[in-house]
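Trainee: I want a close look at one part. Which residue classes make up the surface near DNA strand C? Please go on from there to its individual contacts.

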There are 2 protein chains.
Amino acid sequence: MTENPSPRLFPIVNADVALFTLDDALRLRVLLIQRANRPDPGGWALPGGLLKPDRDDSLEAAARRVLADKTRVELPYLEQVATFSGPHRDPRGWSVSTLFYALLPADQVPAVAGSKTESIAWVDPEAPGRALGFDHGLMLPRALATLRAKVRDGALPLHLLPSHFTLTELQKASEAILGRPLDKAAFRRQLKSSGDLAAVPDLFVRGAQRPAQVYERAAGYRFGDGHVRNDT
Amino acid sequence: MTENPSPRLFPIVNADVALFTLDDALRLRVLLIQRANRPDPGGWALPGGLLKPDRDDSLEAAARRVLADKTRVELPYLEQVATFSGPHRDPRGWSVSTLFYALLPADQVPAVAGSKTESIAWVDPEAPGRALGFDHGLMLPRALATLRAKVRDGALPLHLLPSHFTLTELQKASEAILGRPLDKAAFRRQLKSSGDLAAVPDLFVRGAQRPAQVYERAAGYRFGDGHVRNDT
DNA sequence: GCCCCTTAGTGTCAAAGAGCAACTAAGTGA
DNA sequence: TCACTTAGTTGCTCTTTGACACTAAGGGGC
């Protein structure tokens, strides 16, 4: 990799991603990677990497590429959180790092794998249980707060679920993000009146109890209405 | 100014600012600058400039410096909006630009002046009346939306007002940001119960009507609770 | 000095919404 | 057939929000 020819004049630019998903027990988890390369080899951090102007069309594209490189996962939902900057946050010099959060459907978790040299871990975003490198210890709470604000404002975390799901699953996903229980009746009332979901006719999940109606996203609904725009 | 030695590998990094204030009629206005330098001399744009790693400690500091250079105004309230990026948004090459919005107290507007070579304009952020350079035509609505979301969530735009103000002035400021009228009774109820403001004893604004109580920020209140962090 | 005009500030009521609890519905498995 | 579990609904209360009418207190015209 080429060294920055004049680190004093041109900061390092990279993209970091907080990739959220749900574990088997429908608890919120975030992906950490044990770094193989300089700086800080062996340290845990959010997946991230340098922007490559010759390959990336935007910071968002860079985030997507980094994620695909490190985890073999394509296309999760991605949204910008904030940009961190400063002369000392990266030991290589003055750096700028744009943080994204991403949502991965729970049924795609097994597809995430480390590389030969890097191992991965899914951890509780509120208690990662390890010190994170760079300023990622500040980034993670920010990413979580951004996601929470969105769900608190009524957005549905459909990107954490398969394309078909039950209302109870959706409620559990929302609760996992918000970190507090929600009222079943109120939750369903809101969904009904919003019209964001559509019941899939005659499709039910069966168990040792009353079958649960399966739903899917209604025609026009998007989690990310407030878009992250780049370039023209 | 030094040329970027390898624009293909190291993007241009800069900071842009949407500086909001209120005009005499308490309407929301944003500052535009007519550029003197390359690229796009003579074009109108949000004030902005290149990050200087040898002088700036963060992107926010860069935004503050740029604003001070171009307008002779120090210390307005500053908050990060988003980062825009792409190979073509700046004709000089692959660029990254972090957008901030800033709030300037209405009584400091006269302090803003153009330089010998650059003129300024205060315009309606919803109808700037000119085409903006780069992708600033996308940035401005984003900055306004971020500010609006904050006020809609109950934040008080105290940074648009002098340190002492009446409740009517505060209501007008909120209305200017939101772009819609608010109910006087409801507005005041909220303020009372929040405890964010304190009446200044025996201080009133007099006019050809009942005197208006003067208020100030209560001890612990901050507009920017959700902070923009940088470096460690 | 009195009245009118203007803006400051409060009280009342209805509609809407959030939280809580109890209830019914429909399947499995003993 | 019955107990158990989860799905889904109904009804209530309490709080919040918006609309609107009202009172309060000054200045200026006459």
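Mentor: By class, the surface near DNA strand C holds nine charged, seven nonpolar and five polar residues. Near requires a residue heavy atom within 4 Å of the strand. Asp, Glu, Lys and Arg count as charged; Ala, Val, Leu, Ile, Met, Phe, Trp, Tyr, Cys and Pro as nonpolar; the others, Gly among them, as polar. This is a predicted model: local features need pLDDT of at least 70, side-chain atom pairs count only at pLDDT 80 or more, and totals for chains, interfaces and linings use all residues. Residues are numbered from 1 along each chain as its sequence is written, chains are lettered from A and ligands numbered from 1 in the order in which they are written, and side-chain values use heavy atoms, with hydrogens and water left out.

Now the residues. Of the 21 around the strand, those that come nearest are B:Lys184, B:Arg188, B:Gln209, B:Gln213 and A:Ala208. On the DNA side, sugar or phosphate supplies 59% of the strand C atoms within 4 Å of the protein; bases supply the rest.

Next, the polar contacts (pairs of N or O atoms within 3.5 Å). B:Thr168 places a polar side-chain atom 3.1 Å from a phosphate oxygen of strand C. The side chain of B:Gln209 has an N or O atom 3.3 Å from a sugar or linking oxygen. B:Gln213 uses its backbone: an N or O atom there lies 2.7 Å from a phosphate oxygen. Several elements each give two or more residues to this surface: α4 (184–194), β9 (197–207) and β10 (209–217) of chain A, with α4 (184–194) and β10 (209–217) of chain B. Helices (H or I, at least four residues) and strands (E, at least two) are DSSP runs, numbered from the N terminus.

Note on methods
A polar contact is a pair of N or O atoms within 3.5 Å; within protein, one must be able to donate a hydrogen and the other to accept it, and residues adjacent in sequence count only if both atoms are side-chain atoms.
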